[in-house]
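Here is a protein model to examine. What do the terms used for such a model rest on?

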Amino acid sequence: MVKAVKYTCAFVGILFKIFPYSLALTSKYSYRGQPQNTWKELALLHDLQHISLLLLELHVFGRCHFPIFLILKLGKSSLAFVLSTVLSVTSQTFAGQRCDCSEHDMPKDRTISRLRGELHRFQEQIRKSEATKQPQKQPAKPTIFVITPTYARLVQKAELTRLSQTFLHVPQLHWIVVEDSPHKTPLVTDLMVKSGLTYTHLHMPTAKDRKLLENGNSPPQGDPSWLKPRGVEQRNEGLRWLREDRRAHPGGDNQQGVVYFADDDNTYSLQIFDEMRSTQRVSVWPVGLVGGMKYERPVVEGGKVVRFHTGWRPSRPFPMDMAGFALSLKLVLANPEACFDGDAPMGFLESSFLQGLVTMDELEPKADNCSKVLVWHTRTEKPKMKREEALQAQGLGSDHGVEV
């Protein structure tokens, strides 16, 4: 009985080493009754299964042929059924009996050693076959072109660093950064080079009579700062470059892609980029922490946008935040005159761009029919520099050579 237990344990060990290969091959090369393997792989599978059965016979039953061998030969039993059957048959066979198989030990060990060598050789052949197989080509994902306006301020590098590291997790993304500057600044240039992203770095200064002054005041002759849309020239410059660049490439007009306007101070879930990638014309979704509300969103009924949940002037053509929509690249290229109107009234900047491109009925609701917030209109608090200014007055200010 001790020897029976010994042989049974040895068999279970062999079974767990060999059957995973057999089962893996069987499941991989046959799916719903549709064989997909080559003749060479079928031969390997047959030999591997045959070796498994021989090892089973030799380890557990010596040269004795039991019905369990026939059951395994059929190859239809589950692993659990095989184990239970073997344990049952073995216990019944050896119960109360003595079995001396010493006369078979040496030939059996040599046979097992030889079969193990053959098994190892077959495994190596299978690995090499897998390595040389041509990977199946996956359909290319549409590229997401993200246009980000940015301007010089103390938190600029922090904002762009956070945003760039979000984009690193998004496949097939091309980042178009447009500085509000008469030239490219070293800070943004260095950050873009080190970002690890596919990018385009542009610059376009805002007209002086429209630009917010350094101290936060509006231009003396202009309207209050909150009446002037920011980032207009930069977004339009990004659109101009995108149109020219695509048309310079053969077939660029027919390229699948998505255009999205991402401010550098917002917060983006990675899921929002998966949602927008299938945009056909204009896709929309909610934006959190915007317009003095917890969120603004399109209201969807029957799969269509019928109105907007917003607290301010819901009668606007498209009462949405800039972060709440994306467009297909084809739509942008097919409408070369479409751009943002810097003279649009407060809150109408998005409408000035979308009005000639899409109707409300054509909007594509995303984010589970606009029921999930996946982007937030966050803003970084302006740092207070009173102590820094006091130290500078004493000539003890921070080193200007340290980039912040």
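The questions below deal with the overall chain, one strand and its sheet, and the nonpolar cores.

Q: What kind of model is this, and how are its residues numbered?
A: The model is predicted, with local features needing pLDDT of at least 70 and side-chain atom pairs counting only at pLDDT 80 or more, while totals for chains, interfaces and linings use all residues. Residues are numbered from 1 along each chain as its sequence is written, and side-chain values use heavy atoms, without hydrogens and water.

Q: How many helices and strands are in the protein chain?
A: The protein chain has 13 helices and 14 strands. Helices are DSSP runs of H or I with at least four residues, strands are runs of E with at least two, and both are numbered from the N terminus.

Q: Why is strand β4 called largely enclosed?
A: Buried means under 20% relative accessible area (exposed is over 50%, partly exposed in between; 1.4 Å probe, protein chains only). Seven of the seven residues of β4 (residues 173-179) are buried, so the rest of the structure largely encloses this strand. Leu-173, Trp-175, Val-177 and Glu-179 point one way, His-174, Ile-176 and Val-178 the other, and all are buried.

Q: What makes β3 and β4 a pair?
A: Two strands pair if DSSP finds at least two bridges between them. Strand β3 (residues 143-150) and β4 run parallel and are joined by seven bridges, so the condition of at least two is met. Ile-147 has Ile-176 in β4 as its bridge partner.

Q: Which hand does the crossover from β3 to β4 have?
A: The chain passes from β3 through helix α6 (residues 156-167) to β4, and this β-α-β crossover is right-handed. That term applies if, with the strands pointing away from the viewer, the path from the first strand over the helix to the second runs clockwise.

Q: Why is one side of β5 and of β13 left without a neighbour in the sheet?
A: The open sheet has seven strands in the order β5-β4-β3-β6-β12-β8-β13, with mixed pairing. β5 and β13 (364-365) stand at its edges with a single partner strand each, so one side of each has no neighbour in the sheet.

Q: What makes a set of residues a nonpolar core?
A: The members are buried Ala, Val, Leu, Ile, Met, Phe, Trp, Tyr and Cys residues joined through side-chain atoms within 4.5 Å. The largest such core has 34 residues, and Leu-327 is among those touching the most other members. A second, separate core has 28 residues, including Tyr-268 and Met-276.
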